[in-house]
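Here is a quick tour of a predicted model. Have a look at the fold before reading on.

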Amino acid sequence: MTTKVSLDKSKIKFVLLEGVHENALDALKAAGYTNIDYHKKALDGEDLINAIKDAHFIGIRSRTFLTEEVLAQAPKLIAIGCFCIGTNQVNLDAAKRRGIPVFNAPFSNTRSVAELVLGEIIVLMRQIAKANAEVHRGLWNKSATGSNEVRGKNLGIIGYGHIGSQLSVLAEAVGMRVYFYDIENKLPLGNAQQVASLDELLAMSDAISLHVPENASTKNLLNATNLSKVKKDAVVINAARGTVVDIDALVEVLASGHLRGAALDVFPEEPASINDPFESPLCQFDNVILTPHIGGSTSEAQANIGSEVAHKFIKYSDNGSTLSAVNFPEVSLPEHKGAKRLLHIHTNKPGILNKINQVFVDANVNIAAQYLQTDPTIGYVVIDVESENTDEALRLLKQIDGTIKARVLY
Ligand SMILES: NC(=O)c1ccc[n+]([C@@H]2O[C@H](COP(=O)([O-])OP(=O)(O)OC[C@H]3O[C@@H](n4cnc5c(N)ncnc54)[C@H](O)[C@@H]3O)[C@@H](O)[C@H]2O)c1
Ligand SMILES: O=C(O)[C@H](O)COP(=O)(O)O
């Protein structure tokens with residue numbers, strides 16, 4: 001007689017933070033998951049640890065920091081979902097070492113960011129931010145000086161990924177000439193052209209927009225040295241991450257009058273909540289648009305993200321698929337109707353696969369199908385079996401030296 005060792009769906013606990021869209025709740029409930037702890041706000045410190053200590057799945061956006069220390073307080077954690085693009089707020093390596101795949105929504109808010117940036121380019125090229133601030137103060141300064149159409153102007157995109165390339169298409173539609181700099185060779189869309197160096201891009205662009213991830217290579221990508229190479233009267237936009245622009249250097253170049261203006265949606269330090277004040281030396285400039293990290297905050301984007309990441313959770317929980325995980329070997333799996341499925345996450349070391357296969361010989365369980373993906377540090381193997389005797393196989397799998405996590409799906 002087999003003991004059921006797969007967790008009942010009602011016992012699998014989801015903790016969703018930062019007001020992720022209700023589509024996520026609907027999708028999880030429709031898939032039979034009812035144990036959902038939903039929080040409208042971000043949590044930190046003890047509140048975060050209390051909320052996640054018995055969670056199997058955690059859903060966050062960009063404001064929740066899942067450090068190694070925080071992850072250590074969530075021993076039951078099976079997966080993390082970033083209901084956004086950025087995953088820099090999660091210690092991806094620590095999660096992987098604990099056998100925890102991290103999912104995100106790599107496309108769903110990209111259009112929203114691209115639209116915001118295009119709007120800001122037009123607004124800045126017309127000096128609307130400054131005119132708006134002046135009129136609010138009662139100053140009627142009707143002038144064409146320093147106000148230009150975007151048609152025929154050069155847009156320089158730094159980072160030609162999902163957002164940068166969409167911005168490229170939108171900008172060409174309003175007549176801009178698009179150039180981009182990326183560390184990888186990228187297929188240019190439309191008439192866009194890749195340039196060989198960042199300095200070249202900065203010197204030729206009337207508008208510059210950053211669309212790179214936060215990592216060591218992008219820290220202060222725009223800094224005092226290269227901001228001085230930016231074309232006179234250019235505009236600079238950062239809707240990527242706060243760490244990619246050196247704010248002091250930007251302040252200096254704005255104060256000198258060299259730039260026409262700037263727009264920033266992200267900052268090195270962002271207030272944790274609406275109750276905390278935002279303070280920045282950039283607040284002094286009328287020609288700088290400041291927004292509270294809302295590039296991806298549209299109804300359309302949030303709705304799509306809610307269902308996208310929830311379905312990744314469901315697929316991993318129901319079927320073991322890690323497709324599109326950002327820190328984990330990706331295994332795409334067919335449904336396992338009529339078969340039991342065992343999942344084994346292990347340190348990638350020589351001989352471990354032999355030991356895994358030996359378990360099935362010892363437990364007298366016939367393997368129907370096996371799927372394996374590895375990276376240099378971990379391996380993820382999924383084994384479908386037709387036998388009922390999975391509890392013995394699972395017990396033996398858990399004893400293998402190097403096992404990080406093992407579970408069975410029915
Ligand atoms: N403001 C917001 O609300 C908001 C919303 C969505 C995404 N974002 C941010 O935007 C970033 C970009 O998003 P995406 O979907 O376009 O990412 P992406 O991964 O599709 O594209 C990033 C591009 O940057 C390039 N790149 C990486 N390092 C580089 C470097 N040092 N120099 C030049 N190019 C480099 C990559 O090769 C890639 O082409 C995200 O990582 C996220 O941090 C912000
Ligand atoms: O990484 C992202 O997708 C953006 O920064 C948006 O993050 P948010 O959902 O926390 O606004």
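## Two nonpolar cores

Let's start on the inside. The largest nonpolar core takes in 59 residues, and Ile-80, Phe-83 and Leu-342 have the most contacts inside it. Phe-83 is worth clicking on: leaving out residues up to four places away in sequence, Phe-83 touches Val-20, Ala-24, Gly-59, Ile-60, Arg-61, Ala-105, Ile-305, Gly-306 and Val-309.

Apart from that core lies another one, with 51 residues, including Ile-121, Ala-171, Val-236 and Val-244. As a rule, nonpolar side chains in soluble globular proteins tend to be buried together.

## The parallel sheet

Next up is an open sheet of 7 strands with parallel pairing, and its order reads β8-β7-β6-β9-β10-β11-β12. The edges belong to β8 (193-194) and β12 (288-290); each has a single partner strand, so one side of each has no neighbour in the sheet. Over the sheet goes α5, which touches β6, β9 (207-210), β10 (235-238), β11 (261-264) and β12. The direction of α5 makes about 155 degrees with that of β10.

Now for the individual pairings. β6 (residues 154-158) and β7 (residues 177-181) are parallel partners over 5 bridges, with Asn-154 standing opposite Arg-177 in β7. β6 also runs parallel to β9, joined by 4 bridges; here Gly-156 has Ile-208 of β9 as its bridge partner.

## A closer look at β9

Are the residues on the two faces of β9 buried or exposed? They are buried on both sides: Ala-207 and Ser-209 on one, Ile-208 and Leu-210 on the other. Beyond its bridges to β6, β9 pairs with β10, again in the parallel sense, over 4 bridges. In that pairing, Ser-209 sits opposite Ile-237 of β10.

## Around ligand 1

Last stop: the ligand. There are 32 residues around ligand 1, and the ones that come nearest are Gly-159, Gly-161, Ile-163, Pro-213 and Gly-295. By type, the shell splits into 13 nonpolar, 13 polar and 6 charged residues.

Which helix gives the most to this shell? That would be α7, with 3 residues. Both α7 (162-173) and α5 (110-125) supply at least two residues each, so α5 turns up twice in this tour, as the helix that packs on the sheet and as a contributor to the shell around ligand 1.

Notes: Residues numbered from 1 in each chain as written. Chains lettered and ligands numbered in written order. Predicted model: local features only at pLDDT ≥ 70, side-chain atom pairs only at ≥ 80, totals over all residues. Core = buried A, V, L, I, M, F, W, Y, C linked by C-beta atoms within 7 Å. Buried ≥ 20, exposed ≤ 12 C-beta atoms within 10 Å, placed from the backbone. Contact = placed C-beta atoms within 7 Å. Near = placed C-beta within 6 Å. Nonpolar A, V, L, I, M, F, W, Y, C, P; charged D, E, K, R; others polar. Pairing = 2+ DSSP bridges. Axes fitted to C-alpha atoms, helices over the stretch in contact; angles between N-to-C directions.
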